[in-house]
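Me: I am new to this structure. Let us go through it step by step.

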Amino acid sequence: MTDSMAPQTPALELVDVQKSFGAVRAVRGVSFAITRGTIHGIVGENGAGKSTLMNLVYGFHRADAGEIRVDGTARNITSPDDAIAAGIGMVHQHYMLVEPMTVLENIVLGTASSGPLARTERDAKAKLEQLMRETGLSLPLDARVADLEVGARQQVEILKALFRDAQILILDEPTSVLTPRDTERLFDALRRLRDHGRTILVITHKLEEITRLTDRVTVMRQGLVVGDVATRDVNEARLAEMMVGRPVLLRVEKGPANPGETVLELTDLSGRNFAGVSFKVRRGEIVGVAGVAGNGQSELLHAVAGLLPSSGGLAWKGEQVTRRDAAHLRALGVAHVPEDRQRDGLVQEFPAQDTAILGRHGDPALRRNGLLSRRAVRAHCEDRMRRFDVRPPDPAWPTRGFSGGNQQKLVLAREMECNPDLLLIGQPTRGVDVGAIEFIYARLIDLRDRGGAVLLVSSELDQLVSLADRILVMSGGKLIGEVAPQDATDERLGLMMGGVTAQAAAA
Amino acid sequence: MTPIRSASIEVAVVASALVASFAVAGLVLAVIGADPIEAFRILVYGAFGYPEAIGYTLYYATSYMFAGLAVWVALKAGIFNIGGEGQAYLGGLGAALVCLFFDGLPPILLLPLAMMSAALFGAGWAAIPGWLQARRQTHVVVTTIMFNFIAGALMTYLLNNWLLAPGGGSPETRPFAPQATMPALHDILALVGINIAHSPANLSLLVALIAVACTWTFMFRTVWGYETRVVGANPHAARYAGIDPGAVIVRTMLISGALVGLVAVNEVMGVHKRLILDFPAGAGFVGIAVALMAGESAIGLVLASLLFAALAQGSLDLVIDMPMINREIVRLIQGVLILFCGALPSLFRKPVLRLLAPRREIAAPAGAS
């Protein structure tokens, strides 16, 4: 139906769209157009208004002013149903699937159709098979979603949108939890969708993906569009500068490591999902752990933090601490930035100031006459917010009210400002924008240079290569080998993550 | 959101829930042919209209405060202690044992000792379900309910076989010695020359108010209270922070049981002046409604206790003055109140927020903006 339209009519056009939340002007008059059959990127820092904008397009919020045009027609989108009717589909960062149901059931869920169930199913299957051919995606339609990997779940979401005849597909941070291979598969599918005439809109923090995937990119800053350029005309550095408003160092600048005494030593440590792991972490070095998600790195980090039981040798400055709990390790000088901050690192219901003392709440400095001092707790939080530029800098603001990046900064501030001897850190920049990444990297290196030890688990190879002084690779719960960052090519790391030993990978 | 802003929202939410529940209750009364306005007037008069009524209302409110605090504390740790009734019953045993066997002590020692004993017995009875929940994952709702029945059976047995007054015909202990009872408010005030109507309201009221203040201080100003709130809000974060959720659950159930055990101080030591069958008379369950209504506010808890106390006291007059209203209708009104004010707080929160706080959308889908 869209083929008959003039090619110059944009698939989606925003005209002076505005949205405020109370005093916060989240989107301040945004206009741009997206050509049909292109992949369009939107980048911006945390709080730049990208997600708000997409929530307006998808009908979660109503714009205060402005117009949203689909295929040249102004549409009044007040709910996701309206958006779907207008041919807009969205793949959220957090998938919205019913886990005990099958892929097929999830996809047809809510699409009204009458008639015998068997026929509906048969029709749906035929349509989905056609869609899978078109996109190159392949999913077992009768498998339960609960049994699917993260990457496959995302494909379910994409098919769900396409099944509802989405001509415009919006993806919010689509690669944040994907492995490099799944990311490639996703990008292939998106390119094929584009080539079939659909329009793709991708919100992301990862500039490298923007330059690799998109045809055109819109840069937002503080609720405004500050750039709208063809992707081939810009590079990552230029995009970062537009986003942040100043030149950004994409390269990590750090001197050589100066390792001191061993603070942590694992000897044949085993636990849930990992076995026989041995390595040392010394003062003044960052040890990175690479691996495809689900190969034991997360559990290893949890075990070292005292959150999962383990057996074997876990020595802290020479003393065995295998059976010690998190509280004890913390008291010894271990800090922990958990991989899943929402689950482990934050209490969403609490005001920020109460979240900012989590795990440090026993500190006598927070008490006056035996009682927690509101003033001290507030001052503590204000200090952390100032040092890590958490926005809004309001200790009374509920934790859930902060964007993902600012929540992460709050956790980092809490864990790093106590000058730990060892920092355990998982996925330090998940959901964090480029300006903040630069800042976080600098703080990690600063901690290292002051004699702190860092154990870093990350799924982003670039991050490991640029931050770590040594990279350990895990596969199938075992330590496959160690690579120096200067020797760590993507190919070599990829092979090792697949279970090929270091020697073989180097050959 | 500023504290004043959020406080005004809470007040508006509770006020609209109250209005809605009175409207529904009024509708029911109108259907059975009673004049709702007149019923409401009698209810308020019966609860607050004359000095004696006020005394009775305060007496009920005292028990409800203890019971409400107990449920509230447990809720903060994410556990639903609905065994207040049984824990209060056991608290009565603790109080009675001290009052019966140590009544040679001077009141200044005896009364605190009896209170501690009541709290200890309540805590002990709550500790078992708490421990089962913490270490065996046996759901505390199930075990606390069952413990109510066990408490009932145990107390009936003890009263009939061991604690029965010598030569007494009914299953109750001998009356306590005068120095082993809580002084009535009218007696205390008479000492300083103030004469008020005689009522069962006694010194326990003061104890209850102190308990409210102490409980709030505990919950919001101490490290243990902080740990309790973390466990209730996010057990994963608690474990991450080095807090043992199991230990917190046991600790919280001990505190909860101790608080509701103090119901016995009001009922057994303050009013009946001996241990009788079924003295908690449902206070443990009213505590659930009180706690649900209280939200985050200590004043809210006191007011909720007063509301249910007024309903309990005022409805006595209502049943006498309006023949078509019976106990069942009063229960129904109580139920409607609990439904709107306790169980469905979110029903009115959204419209109120829309009205008062246009910034609410800050909490809407929070992606990586």
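Me: In what order do the four strands of the open sheet in chain A lie?

Reply: This is a predicted model. The open sheet is built from four strands, paired in the antiparallel sense. In chain A the order is β12-β11-β14-β15.

Me: Which are the edge strands of chain A there?

Reply: An edge strand pairs on one side only. In chain A that holds for β12 (274-282) and β15 (319-320).

Me: How many bridges join β11 to β14 of chain A, and which residue stands opposite A:L264?

Reply: β11 of chain A covers residues 262-271, and β14 of chain A covers residues 310-316. They run antiparallel and are joined by six bridges. Opposite A:L264, in β14(A), stands A:W316.

Me: How many residues lie between β9(A) and β10(A), and which residue in the turn has a positive phi?

Reply: β9 (residues 216-221) and β10 (residues 224-230) of chain A pair in the antiparallel sense over six bridges. Within that pairing, A:V217 stands opposite A:V229. The two strands form a hairpin with two residues between them. The turn residue with a positive phi, about 50°, is A:Q222.

Me: Which residue takes a positive phi in the hairpin of β21(A) and β22(A)?

Reply: β21 (residues 470-475) and β22 (residues 478-483) of chain A are antiparallel, with five bridges. A:I471 stands opposite A:V483 in β22(A). Two residues separate the strands of this hairpin. The residue with a positive phi, near 60°, is A:G476.

Me: Is helix α1 of chain A mostly covered or mostly uncovered, and which residue just after α1(A) takes a positive phi?

Reply: Helix α1 of chain A spans residues 50-57 and is mostly covered, with eight of its eight residues buried. Among them are A:K50, A:L53 and A:V57. Just after α1(A), a positive phi of about 90° belongs to A:G59.

Me: Why is chain A as compact as a globular protein of its length?

Reply: Chain A has 18 helices and 22 strands. The globule rule gives 23 Å for 507 residues. Chain A is as compact as a globular protein of that length because its radius of gyration is close to that value, at 24 Å.

Me: How many helices and strands does chain B have, and what is its radius of gyration?

Reply: Chain B comes to 16 helices and zero strands. A compact globule of 369 residues would have a radius of gyration near 21 Å. Chain B agrees with that, at 22 Å.

Me: What share of each chain is buried?

Reply: A residue counts as buried under 20% relative accessible area. Of the 507 residues in chain A, the buried share is 55%. Of the 369 residues in chain B, it is 53%.

Me: How much of the accessible surface of each chain belongs to carbon and sulfur atoms?

Reply: Chain A has an accessible surface of about 20,900 Å². Carbon and sulfur atoms account for 48% of that. Chain B exposes about 15,900 Å². There, carbon and sulfur atoms supply 71%.

Me: How far apart do the centres of the positive and negative side chains of chain B lie?

Reply: In chain A, there are 62 positive and 65 negative charges, and their mean positions are 3 Å apart. Chain B has 19 positive and 17 negative side chains. The centres of those two sets in chain B lie apart by 14 Å.

Definitions and conventions:
Residues are numbered from 1 along each chain as its sequence is written. Chains are lettered from A and ligands numbered from 1 in the order in which they are written. This is a predicted model: local features need pLDDT of at least 70, side-chain atom pairs count only at pLDDT 80 or more; totals for chains, interfaces and linings use all residues. Side-chain values use heavy atoms; hydrogens and water are left out. The radius of gyration is taken over C-alpha atoms; the globule rule is 2.2 Å times the number of residues to the power 0.38. Buried means under 20% relative accessible area, exposed over 50%, partly exposed in between (1.4 Å probe, protein chains only). Accessible areas come from the Shrake-Rupley method with a 1.4 Å probe; for residues, only the protein chains shown count as cover. Lys and Arg count as positive and Asp and Glu as negative; His and the chain ends are not counted. The place of a charge is taken as NZ of Lys, CZ of Arg, CG of Asp or CD of Glu. Two strands pair if DSSP finds at least two bridges between them.
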